[in-house]
Amino acid sequence: MASSLSAQEKSGGKNFDLKLGSTLVAGSPDANLIFFHKLVAGGNINDEEKSDILKGLGNNNRIGAMIETQLYGRFFSGSNEHIERKNYYQIVVRDFYWGEADFNRNLVDLILNGNKKYENKSVDLSGMKFKDLRFQTFEVGRYQRFGKMGFYGGLGLISGQRFDDARIDRLSIFTAPLGEFIDLSMNGNAHYSKSSMNRFFSFAGIGTSFTLAADIDIHRYWNLGLEVNRLGFIQFGKPTRLATADTTYRFEGAVINNILDSFVLDFKSPDDIRNDIVHVSDQPGYRMALPSGFKVKLGYFPSNRRLSGCASLEWIPSTNFRLALQTLVDYKLLPILKVGISAGTGGYSVWNAGAGAELRLLNTLIIRADLQSAFNLISAERPASWIASTSVKVRL
Amino acid sequence: MQKILPLSCNTILYILTIIFIFNCCQRDNPSWNIDVLAPIAKGKLRISDIAPDSLYKADSSGLAHLYFERALYNLSVDSFFAISDTTVAKSFAIDSLRLYTLNIQYPLTLGAIARQSGPVGALILALHGSTFAIPAIGPLSVPPVDLNADTLFTSMTLDDGKIDVRFENNLPVDITDVRFVLKNANNGLKLLEGNFPIIRANTAESQTFSLSGLTVESKLTVEVSNFSSPGSGGKPVLVDTSNSIIAALKVYDLRPSKATAVWPAQNIIEQYLDFNLRRLSVKLKFAKIKSGKVYLKLLSTIDDTLHFYYSLPGAVKNGKGFDIRKDLAPGTTLQPSAIYEEYDFSGYDLDLSGSNKDTFNATPNSIIVSIDSTGIQKTFSKADNILVELGFKDLKPSYAKGYLGMDTFTFGPNFTSFDFLKDLNGKFKFSDIQLNVDVENKIGADGSLIIGQVAALNTITGQQLSLTSSELNKPLGVSRASDQNGFPPILPGKTSLQLDKTNSNINDCVSILPDQLNYALTLITNPNGNVSDYRDFVYDGQLLDIRLKMDVPLHFSIENCSLLDTSDLNTSGLNLQNAIEGKLYLKVENEFPLDSDMEIKFEEQAGLSQALLEAAGRINAAEIVNGDRTTGSKTSIIEIPVTQDQVNKLKKAHIVIFKTRFNTRPDNRQVKIFDDYAMKLSLTADLKYKID
């Protein structure tokens with residue numbers, strides 16, 4: 001996201017860009033969109049739909065999302081007529097959210113169908129994981145051209161907002177005949193930040209990040225780029241919390257000591273049950289590596305043709321985000337309008353296909369919107385994918 | 001915020017927000033139905049839950065027993081005696097006072113006599129210092145002489161008193177026909193008049209006169225109106241005109257009706273008496289006082305400070321006797337001085353055997369009231385008096401020793417509540433009931449108890465059955481308690497009368513499920529008189545209890561015993577508002593050898609509304625194969641179909657009513673209920689539930 005792979009544009013004497021943009025990458029290679037559609041659209045989920053929701057879910061299912069919103073100001077310098085070939089300084093304010101979870105089919109089945117089908121049986125919900133992280137970055141960077149090559153280096157100060165890092169290694173629920181009791185066996189832990197600090201620029205955590213990029217013109221219209229984003233760490237300061245559970249718990253309803261006496265159906269509240277199961281302690285701090293992304297990009301931007309395109313290969317290690325290939329082809333329909341189609345595979349979903357458009361007014365206001373998973377949304381029974389981006393750029 | 005769910009609310013909201021961006025056609029919340037099988041409540045019912053702790057106990061074999069105990073009679077110390085408030089009051093008048101003895105001397109020298117004797121007197125004066133035969137003289141008279149005693153008194157009107165008039169003749173010659181008169185100087189009242197026929201030379205003569213009824217003033221006049229001398233009879237004697245006749249007056253044993261005088265220090269009252277406790281029905285030799293007071297009331301019209309000293313040498317606390325010292329300010333007839341004070345008498349050991357240790361209910365005491373020497377003249381009259389009132393008030397003994405008397409106490413016919421079976425009905429047949437009448441005597445006196453009629457009464461059914469036994473209506477000896485020479489611990493005398501199926505019809509009596517027991521008792525104390533020689537004792541609160549104790553082993557047969565129990569119910573924690581329909585299951589694991597036909601009703605208000613939910617079913621008895629015990633539990637499940645409406649109404653239930661009818665199984669067999677038997681109940685829900 002540091003260097004730009006876009007059509008070669010003439011600067012027209014303008015040397016400052018102000019851009020506000022947002023990107024969503026979310027999805028699941030296992031879960032389909034039916035349940036999420038219901039969540040949004042509402043209405044009853046019937047047994048057939050439940051069956052469809054469960055279809056495709058296996059013992060280990062993943063879901064994840066990354067949302068990045070950034071505002072930057074870019075100050076160009078140099079004499080090159082193409083703005084992409086100019087050196088620049090930039091100041092970026094960025095908000096980044098990353099969250100992903102692993103879960104098994106039984107969990108969804110239990111949620112959708114209840115526990116009666118598990119009477120006198122044990123349902124295994126082991127292997128659930130959940131991580132999320134949200135932080136803001138203040139970054140200062142410099143892009144410098146050296147002939148056909150350009151390099152970008154940026155240093156960011158990170159304000160951590162929140163994090164969760166939970167895993168449940170063992171979780172089973174046994175429903176006794178007639179539901180006389182429900183046994184829960186659980187082993188897991190969760191680190192998380194203090195909820196009172198969960199706001200923008202709270203500096204609940206502090207860290208640094210580096211953005212490194214390089215690109216090279218391998219042909220008159222072809223550019224090859226390499227990016228490393230969010231290379232760094234974040235240290236959440238105290239107190240962070242650690243919740244651990246390694247216990248078996250039996251729920252028997254309200255216990256009435258003497259039915260001939262006055263009695264109260266005094267059920268334990270969820271908080272009470274949680275307190276029985278989970279032990280929470282303050283921790284001195286928690287360090288997390290940022291979800292660093294490595295991206296190789298290839299761009300084709302002929303200045304005199306209507307067609308342009310790019311492809312990128314992105315990898316975010318230590319996450320559920322699989323190696324992702326994303327392609328985009330734009331067609332300049334009018335001098336002020338481009339339309340494009342995109343397709344990709346990997347990442348948080350199996351595949352995606354969609355379209356986008358760019359509106360350019362007076363070479364000063366550039367608005368672009370892409371919905372890379374537009375076709376996925378149409379087909380709810382397919383694995384879920386939400387990929388979208390939008391930006392507004394002002395060039396002065 | 002603590003988390004145990006992998007997806008936090010924030011995350012979900014975040015994702016949903018993004019989804020919403022792309023899907024802006026939301027209409028209502030998603031919902032779906034799930035089938036829930038969950039516990040609602042569980043409980044365990046044991047026999048110990050039914051019976052109050054105070055009534056229930058299991059024996060060593062585990063057999064459950066109900067124990068019932070009632071006090072039939074408590075003999076209190078008040079039944080024996082009470083120490084009445086006792087007062088001694090006495091008024092003391094001035095005639096108890098005494099005055100100083102008054103001595104007045106007046107010398108009458110020969111020279112003075114000679115100067116009044118004409119020529120003979122002149123001769124005597126002339127012969128002073130020489131030896132001479134003094135001729136007969138007289139008759140002569142001496143002019144009145146004033147005597148002044150105003151340093152001791154001003155006047156005194158005497159009810160009684162004496163005066164000695166003494167003439168000491170130091171002259172060398174006899175004197176004869178000495179006549180004298182004593183008068184008050186001011187009013188000339190003659191107080192006395194006398195005559196000595198002869199007073200020999202160098203001898204003295206004395207006469208005593210009564211002053212009763214006279215008022216004596218301090219200024220007196222004594223007059224020797226006549227005296228003569230036969231002379232020395234021709235015998236020469238030394239004439240010394242300084243020789244004298246000494247007239248001496250001694251005024252004593254004065255009992256004034258009124259006097260203005262200097263009063264000597266003296267005890268006005270001094271009494272040593274036995275203080276008798278009156279109206280005591282027992283003969284006590286000793287008592288320890290738990291509480292009570294001694295009060296003192298003093299009233300004085302005497303114009304001088306009185307010193308009051310009271311002592312009870314027989315009352316000792318911490319090694320010290322009881323005494324009171326108090327000063328009473330001067331008073332007048334119009335404004336007597338007064339004191340009223342009370343003194344704590346608790347904790348005293350009180351000897352009641354009298355001054356000579358030969359009586360009872362009496363303790364020696366002394367009262368002394370004194371005045372100091374007044375130093376100045378003060379007027380006391382016979383109208384002045386001192387009122388001394390002493391008394392015991394609210395005396396309560398913590399211990400008493402003596403002879404407690406032979407008394408007969410009758411109690412009843414009376415009844416006592418027998419309510420521990422009140423909730424039972426139907427047909428019962430008990431076995432092995434034991435009834436004890438226990439007498440615990442903590443009094444150091446013998447007794448004799450006669451238990452008259454005893455009858456069991458069920459006021460609901462009207463059934464009544466008299467207890468019959470050969471042990472009733474005959475004296476039951478109650479032995480006396482013993483202590484440690486006046487100190488605890490007390491070893492009570494215990495006597496028990498035991499009635500069971502071998503000597504009575506007690507099983508039949510209790511099988512009518514009585515709620516009332518009628519009885520009559522007679523207790524005689526010291527039936528053999530004062531055999532202890534005044535060594536009976538009684539401690540406060542440690543008396544004679546007659547208690548009825550009943551042991552009912554739960555070994556019975558029951559036919560159609562109905563129990564109705566209404567319990568308050570709070571279902572606020574029951575979150576079933578999204579339940580659609582389904583069933584509730586009441587699963588009962590019964591270890592009792594009792595069939596139970598159970599009806600359950602949930603109501604909003606007892607008796608004021610229709611049942612919100614009703615259910616009924618049979619809980620089967622556990623089986624007895626061999627011996628007395630059941631072989632494990634018998635499981636019964638009562639299925640209660642519920643509609644959505646009923647589930648919603650269940651939330652309003654505040655009352656749950658259990659109506660149960662019990663029958664022992666097998667039929668016509670008496671079964672035993674053991675302590676470890678339990679009825680385990682669990683209420684579960686099998687509901688279709690809407691997630692919204």
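# A tour of chains A and B

Start by selecting A:Arg395, which you'll find in strand β22 of chain A, a strand covering residues 383-395. Keep in mind as you click around that this is a predicted model. Is A:Arg395 buried or exposed? It counts as buried because its relative accessible area is 2%, and the cut-off for buried is under 20%. Now add A:Asp17 to your selection: the side chains of A:Arg395 and A:Asp17 are joined by a polar contact of 2.8 Å.

**Zoom out to chain A**

Show the whole of chain A as a cartoon. You should be able to pick out five helices and 22 strands. Along its principal axes, the C-alpha atoms fill a box of roughly 95 × 50 × 30 Å. Chain A has 396 residues, and 52% of them count as buried. If you look at contacts in chain A between residues with a separation of 6 or more, 69% come from residues 24 or more positions apart.

**Two helices in chain A**

Next, select residues 47-54 of chain A, which make up helix α2. What sits at its N-terminal end? That's A:Asn46, acting as a cap: one of its side-chain oxygens lies 3.1 Å from the backbone nitrogen of A:Glu48. Within the helix, the buried residues include A:Ile53 and A:Leu54, and also the charged A:Glu49, A:Lys50 and A:Asp52. After α2(A) comes A:Gly56, with a positive phi near 90°.

Now jump to residues 105-113 of chain A, helix α3. Here the N-terminal cap is A:Asn104, with a side-chain oxygen 3.2 Å from the backbone nitrogen of A:Asn106. Colour A:Leu107, A:Val108, A:Asp109, A:Leu110, A:Leu112 and A:Asn113, since these residues of α3 are buried. Following α3(A) you'll meet A:Gly114, whose phi is positive, near 85°.

**Over to chain B: domains 1 and 2**

Switch to chain B and colour by domain. The domain assignment gives domain 1 (43-54 + 559-691), domain 2 (64-79 + 405-553), domain 3 (86-93 + 263-403) and domain 4 (102-262). Hide domains 3 and 4 for a moment. The centres of domain 1 and domain 2 of chain B, taken over C-alpha atoms, are 41 Å apart. Where they touch, 12 residues of domain 1 are in contact with 12 residues of domain 2.

How much area do domain 1 and domain 2 of chain B bury between them? About 770 Å², with 46% of it on carbon and sulfur atoms. On the domain 1 side, select B:Glu559, B:Cys561 and B:Gln670: these lose the most area to domain 2, together 52% of what that side buries. Looking across the boundary, there are zero salt bridges, but five residue pairs are in polar contact. Strand β37 (residues 561-570) gives the most to the domain 1 side, with three residues. That side divides into six nonpolar, four polar and two charged residues.

**Last stops: some backbone oddities**

Most residues other than glycine have a negative phi, and most peptide bonds are trans. Which residues are joined by a cis peptide bond? Select B:Pro488 and B:Pro489, where omega is about 5°. B:Pro489 is in the loop between β31 (476-478) and β32 (493-499) of chain B.

Stay in that loop and pick B:Asn485. Its phi is positive, near 55°, and B:Asn485 is exposed, with a relative accessible area of 75%. Finish at B:Asp394, in strand β25 (residues 385-403) of chain B. B:Asp394 also has a positive phi near 55°, and is partly exposed, with a relative accessible area of 46%.

Note on methods
Residues are numbered from 1 along each chain as its sequence is written. Chains are lettered from A and ligands numbered from 1 in the order in which they are written. This is a predicted model: local features need pLDDT of at least 70, side-chain atom pairs count only at pLDDT 80 or more; totals for chains, interfaces and linings use all residues. Side-chain values use heavy atoms; hydrogens and water are left out. Domain bounds come from an automatic or database domain assignment. Contact means heavy atoms within 4.5 Å. Buried area is the accessible area (1.4 Å probe) that two parts lose on being put together, summed over both. A salt bridge is a side-chain nitrogen of Lys or Arg within 4 Å of a carboxyl oxygen of Asp or Glu. A polar contact is a pair of N or O atoms within 3.5 Å; within protein, one must be able to donate a hydrogen and the other to accept it, and residues adjacent in sequence count only if both atoms are side-chain atoms. Helices (H or I, at least four residues) and strands (E, at least two) are DSSP runs, numbered from the N terminus. Buried means under 20% relative accessible area, exposed over 50%, partly exposed in between (1.4 Å probe, protein chains only).
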